[in-house]
Each structure stands twice: as structure tokens, then as C-alpha cells.
Amino acid sequence: MSRFRHLISIDDLERDDIEHILSKADSFVEIARGEKSSGILEGKILANLFFEPSTRTRMSFESAMKRLGGEVINLGSVEASSIAKGESLADTVRVVSGYADCIVIRHYREGSARFASVVSEVPVINAGDGAGQHPTQTLLDLYTIKKEVGLKNLRIALVGDLKYSRTVHSLIKALAHFGAEMLLVSPEALKLPDELKENGSFAECDLEYAVENADVIYVTRIQKERFPDEEEYRKVAGSYRITAEMLKNSSAVIMHPLPRVDEISYDVDSLPNAIYFRQAFYGVPVRMAILTEVML
Ligand code: CP
């Protein structure tokens, strides 16, 4: 019996549901690495509807589905689909839900995944809706923290674009369930919106304090595509950067949902602190856990 039909927002999950997915992901790690095989999703089809660019989310869902014996169909580029002829999101989702057993959707408009879930005949998974939420990223972020540091007594610094980063917006809600202490580090113009601070323990600090005191530094890219104009973006571009020199006396692990632009220097990659590429891999077993939850 599935705990949820759709996965639209992290708000839809209780702590118990989150822990269930994290435990389930453990059982998929060897399959995700290709060390064991599985046909648990044989005969099932996943439809990927990506209206915004993606590497990790789209490809890790594909990898998860294929390693579990399922098939994937893709909308492909929006320009090559009938959306270019004026077809609505509602009609697109209705039609595609007749071709697949589950839909993964990424869209530039906040609320679009919820809307898709209302018109779809099959489960819908939100792969990012504008500056709203990115719940599957949050589950893989939590899985990474659980594996690498532990979720108990966690002090995590959230660094960068806290205003527009949907990965942060989802993650803080989930971390509140685990009693994490959250340190907020951002330029003035990119602060976390007040309405997102209703639950949880928050304190603002500078990057130096975060590097010395946090267990995890969660760095985000400035979300250039969400800025109202280029001039506003230019005012904050390049305003923070983690370097190997800054981390020489720090035991904090560095996470990033990726892609990075210039906010983590490449000399950090070879340090034991850097766990962002393992984090990206964990997307596969976590998405296997989600796909099997909604489809079986
Ligand atoms: N973290 C993340 O969502 O990456 P992509 O945009 O490449 O999917």
C-alpha cells in the first residue's frame, strides 16, 4: 500500500513518510550502482515532462527506472512538441497520462505540478516548479546527510540564493521535522522569505562562522533565471564562493544540489569535505524508492 499517490510538495509528507523513503532507498543502492539487477518495474512506463533544463533530475529518474526494468518516454524539447502549436499544460498532461504509469514534471511555473496531479490519470512527481519546491531533491539531500553525517543534532548552513532556490525551500521544511539548527548565509537581496521561517530554528550568520561551526554547508547557485532583470542579477553575481583555503581547518561537509557555476571553487572537489558528487549519485536509489512507492 503506497503512502502517497503523488509527490508534489515536501509538506505532503510526515516525518514517518520521509524516514520510510530513506530506509527504502538503502535497499536500492546496489541496484543503482549496477551491482545487482532488478525487474521490479518491468512493464511500467515513466513519462518525463521537462519544461526547464535538467541533467541530474531527468537522467537519474531515467537511470532509476531503467535499472528497475521499466521504460521511459520523454516529451523532449518543448519546441519539438505540440506545446509549440499552443497545446495547454492540462491537455498535454491528460494525454501523456494515457501513455505512462507515472509522470515526472519540471515546469517554470510554481503550482504547475499540483495542477498536473489534478488532471492526470496517473501519479505525478514534482521535479521542480519554478521557485516553489523540489521534493525529490530534498529526499536525496536528506538521504545524503543521513549517510554522511547523521540527521541527529544537525547544524546546517544554507548558503547563497535562499530567496529563489527551490531546493532550499523544500529542504528547510523537511529539516524542521528533524529538529535541525539552520544557519542562513546570503546576500541581503537573496534572503530566505519570512513566510518560510514559520517552522524550524533559524539564525543568520556570515560564511566564516558557518564554515567554523556547521556540520553541513549546503551551497546553492544564484538562480539567474528567476531574476526579474539582468541588472538585479549582476548586483549579486559572484558574491560568495567556497574555496579550499577557507576549509583548511573545517570538518564541515560541502553539499550542493548542482549545477554549480562559481560558488564552489574546483579546488574543493578533491577535499574529503566535498560530497556533492556522491549526493548526485544518491538521487538514483532515492528516486527508485519514490518510483516504486507511487507505482506499485
Ligand atoms: N539538482 C538538480 O535539480 O539538477 P538538474 O537541474 O540538473 O536536474
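Biologist: Which residue places a backbone N or O atom 2.8 Å from an oxygen atom of the ligand?
Modeller: The model is predicted. A polar contact is a pair of N or O atoms within 3.5 Å. The distance of 2.8 Å involves an oxygen atom of the ligand, and the backbone N or O atom belongs to Thr 55.

Biologist: Which residue has a polar side-chain atom 3.0 Å from a nitrogen atom of the ligand?
Modeller: Two side chains may be considered here. His 134 has a polar side-chain atom 2.9 Å from an oxygen atom of the ligand. The nitrogen atom of the ligand, at 3.0 Å, is paired with a polar side-chain atom of Gln 137.

Biologist: How much of the accessible area of the ligand does the protein cover?
Modeller: On its own, the ligand has 250 Å² of accessible area. The share covered by the protein is 91%.

Biologist: How many residues of the shell around the ligand are nonpolar, polar and charged?
Modeller: The residues surrounding the ligand include Ser 54, Arg 56, Arg 106, Pro 257 and Leu 258. The space taken by the ligand is the largest pocket. By class, the shell holds 2 nonpolar, 5 polar and 2 charged residues.

Biologist: Where does the ligand lie with respect to the domains?
Modeller: The domain assignment divides the chain into domain 1 (10-133 + 283-295) and domain 2 (135-280). Both domains give residues to the shell, so the ligand lies between domain 1 and domain 2.

Biologist: How far apart do the C-alpha centres of domain 1 and domain 2 lie?
Modeller: The two domains are in contact, with 33 residues taken from domain 1 and 25 residues from domain 2. Their C-alpha centres are separated by 24 Å.

Terms used
Residues are numbered from 1 along each chain as its sequence is written. This is a predicted model: local features need pLDDT of at least 70, side-chain atom pairs count only at pLDDT 80 or more; totals for chains, interfaces and linings use all residues. Side-chain values use heavy atoms; hydrogens and water are left out. A residue is near a molecule or strand if one of its heavy atoms lies within 4 Å of it. A polar contact is a pair of N or O atoms within 3.5 Å; within protein, one must be able to donate a hydrogen and the other to accept it, and residues adjacent in sequence count only if both atoms are side-chain atoms. Accessible areas come from the Shrake-Rupley method with a 1.4 Å probe; for residues, only the protein chains shown count as cover. On a 1 Å grid over the protein atoms alone, a cavity is a set of points where a 1.4 Å probe fits but cannot get out, and a pocket is an open set with protein on both sides within 12 Å along at least five of seven lines; lining residues have an atom within 4 Å of a point. A molecule sits in a cavity or pocket if more than half of its atoms lie within 2 Å of its grid points. Ala, Val, Leu, Ile, Met, Phe, Trp, Tyr, Cys and Pro count as nonpolar, Asp, Glu, Lys and Arg as charged, and the others, Gly among them, as polar. Domain bounds come from an automatic or database domain assignment. Contact means heavy atoms within 4.5 Å.
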